[in-house]
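Colleague: I'm new to reading protein models, and I'd love some company while I look at this one. Could we go through it together, one question at a time?

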Amino acid sequence: MTPPLVVARGLTRRYGEGAAQRSALEGLELELREGEAVLLFGPSGSGKSTLLALLGLLDRQYEGTLEVLGCSPRDATDEQLALLRNDSIGFVFQAFHLLGHLGALDNVCLPAVFSARLTPELARRRGLELLERLGLGGREGALPHELSGGQRQRVAVARALLLSPRLLLCDEPTGNLDSASGARLAELLAELHRDQATTLVIATHDERLAALATRRLLLVDGRLLQDAAA
């Protein structure tokens, strides 16, 4: 059996100091394997976004142990983490993080600027294909302020998918989308999971994504209360 993509043992993340200290995650035990599609449920403040930040190698201030794609974040340099994130981990967060001076396609193609995996020509071709599939054909030159919130979300999704990441982390990916766009995104994620064996971890309240799941996790107050096959 191949080793897990993610291994967390006693994973704890605390914020603040002294009497004001609080735990966003407490003693999490978790393994994720290649090709899983995991839906992460829980009320607001349950630790879902904190867990995604740790899995995405964006936060190294934790207790316990964590390995993601064979990397222990505390043992890696900033440069090593940046390269691993760019080439192998896709992010779709609630804040779109698009560059305001770049058009939609240029935003989508940004990961290829820092990777040798796609030539500029292939990156633009794939970027245009993703925008088309997400209902943004013809809007490749639009600046972020010229797009609606849902359209900016779809640009962020296309950017996350550009390099066909091994691990895709999504924080409420359908939160800004209408029903048709949400269904289109769910279909694209299902295809990515099926055809490329991309491992998905999706924090959501949207039951429309339930059909994607092979596994469901429930976080409450930073603790994993349920871990069940979907």
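Modeller: Happy to! Let's begin with Leu-57, which has a relative accessibility of 2%. The model we are looking at is a predicted one.

Colleague: Is Leu-57 buried or exposed?
Modeller: A residue is called buried when its relative accessible area is under 20%. Leu-57 has 2% relative accessibility, so Leu-57 counts as buried.

Colleague: Where does Leu-57 lie?
Modeller: Leu-57 has a positive phi of about 65°, although it is not a glycine. Most residues other than glycine have a negative phi. As for its place, Leu-57 belongs to the loop between α1 (48-55) and β4 (63-68).

Colleague: Which loop holds Glu-172?
Modeller: Glu-172 is not a glycine either, and it has a positive phi of about 50°. With 14% relative accessibility, Glu-172 counts as buried. Its loop is the one between β6 and α7.

Colleague: How confident is the predictor, as a mean pLDDT over the chain?
Modeller: That score runs from 0 to 100. In this chain 100% of the residues score at least 70. The chain's average pLDDT is 92.

Colleague: Among the elements of the chain, which has the lowest mean pLDDT?
Modeller: The highest mean, 98, belongs to α3. At the other end, with a mean of 84, is α7.

Colleague: I can see Ala-183 in that helix. Is Ala-183 buried or partly exposed?
Modeller: Ala-183 is found in helix α7. Its C-alpha is separated by 8.6 Å from that of Leu-209, 26 residues apart along the chain. Buried would need a relative accessible area under 20%, and exposed over 50%. Ala-183 has 46%, so it is partly exposed.

Colleague: Which element gives the most to the largest nonpolar core?
Modeller: Nonpolar side chains tend to be buried together in soluble globular proteins. The largest nonpolar core here has 40 residues, and Leu-131, Val-155, Leu-161, Leu-168, Leu-189 and Ile-202 touch the most other members. Elements that each supply at least two residues include α5 (120-133), β6 (167-171) and β7 (199-203). The element that gives the most, with six residues, is α6.

Colleague: How many residues does the second, separate core have?
Modeller: This other core includes Ala-8, Leu-51, Tyr-62 and Ala-76. Its size is 32 residues.

Colleague: Back to α6: how many of its residues are buried?
Modeller: Helix α6 has 13 residues and reaches 19 Å from its first C-alpha to its last, close to the 18 Å expected. Its buried residues pack against β5 (89-92), α3, α4 (110-113), α5, β6 and α7. Helix α6 is therefore largely enclosed by the rest of the structure, and the buried count is 11 of the 13 residues.

Colleague: How many disulfides are there?
Modeller: A disulfide needs two cysteine sulfur atoms within 2.5 Å. For Cys-109, the nearest cysteine sulfur is that of Cys-170, 19 Å away, and Cys-109 is in no disulfide. Cys-109 counts as buried, with 9% relative accessibility. By this rule the number of disulfides is zero.

Colleague: In β2, what is the bridge partner of Tyr-15?
Modeller: Strands β1 (residues 6-15) and β2 (residues 22-32) pair in the antiparallel sense over seven bridges. Their hairpin has six residues between the strands, and Gly-16 there takes a positive phi near 85°. The partner of Tyr-15 is Arg-22.

Colleague: In the hairpin of β8 and β9, which residue in the turn has a positive phi?
Modeller: Strand β8 (residues 215-220) is joined to strand β9 (residues 223-229) by six bridges, and the two run antiparallel. Val-220 has Arg-223 as its bridge partner in β9. Two residues sit between the strands, and the one with a positive phi of about 50° is Asp-221.

Colleague: One last stop: how far apart in space are Gln-226 and Gly-150, C-alpha to C-alpha?
Modeller: Gln-226 lies in strand β9. Leaving aside neighbours within four places in sequence, Gln-226 is in contact with Arg-216, Leu-217 and Leu-218. Gly-150 is one of the buried residues of α6. The two residues are 76 residues apart in sequence, and their separation in space is 31 Å.

Definitions and conventions
Residues are numbered from 1 along each chain as its sequence is written. This is a predicted model: local features need pLDDT of at least 70, side-chain atom pairs count only at pLDDT 80 or more; totals for chains, interfaces and linings use all residues. Side-chain values use heavy atoms; hydrogens and water are left out. A nonpolar core is a set of buried Ala, Val, Leu, Ile, Met, Phe, Trp, Tyr and Cys residues joined through side-chain atoms within 4.5 Å. Buried means under 20% relative accessible area, exposed over 50%, partly exposed in between (1.4 Å probe, protein chains only). Helices (H or I, at least four residues) and strands (E, at least two) are DSSP runs, numbered from the N terminus. The expected span of a helix is 1.5 Å times one less than its number of residues. Contact means heavy atoms within 4.5 Å. Two strands pair if DSSP finds at least two bridges between them.
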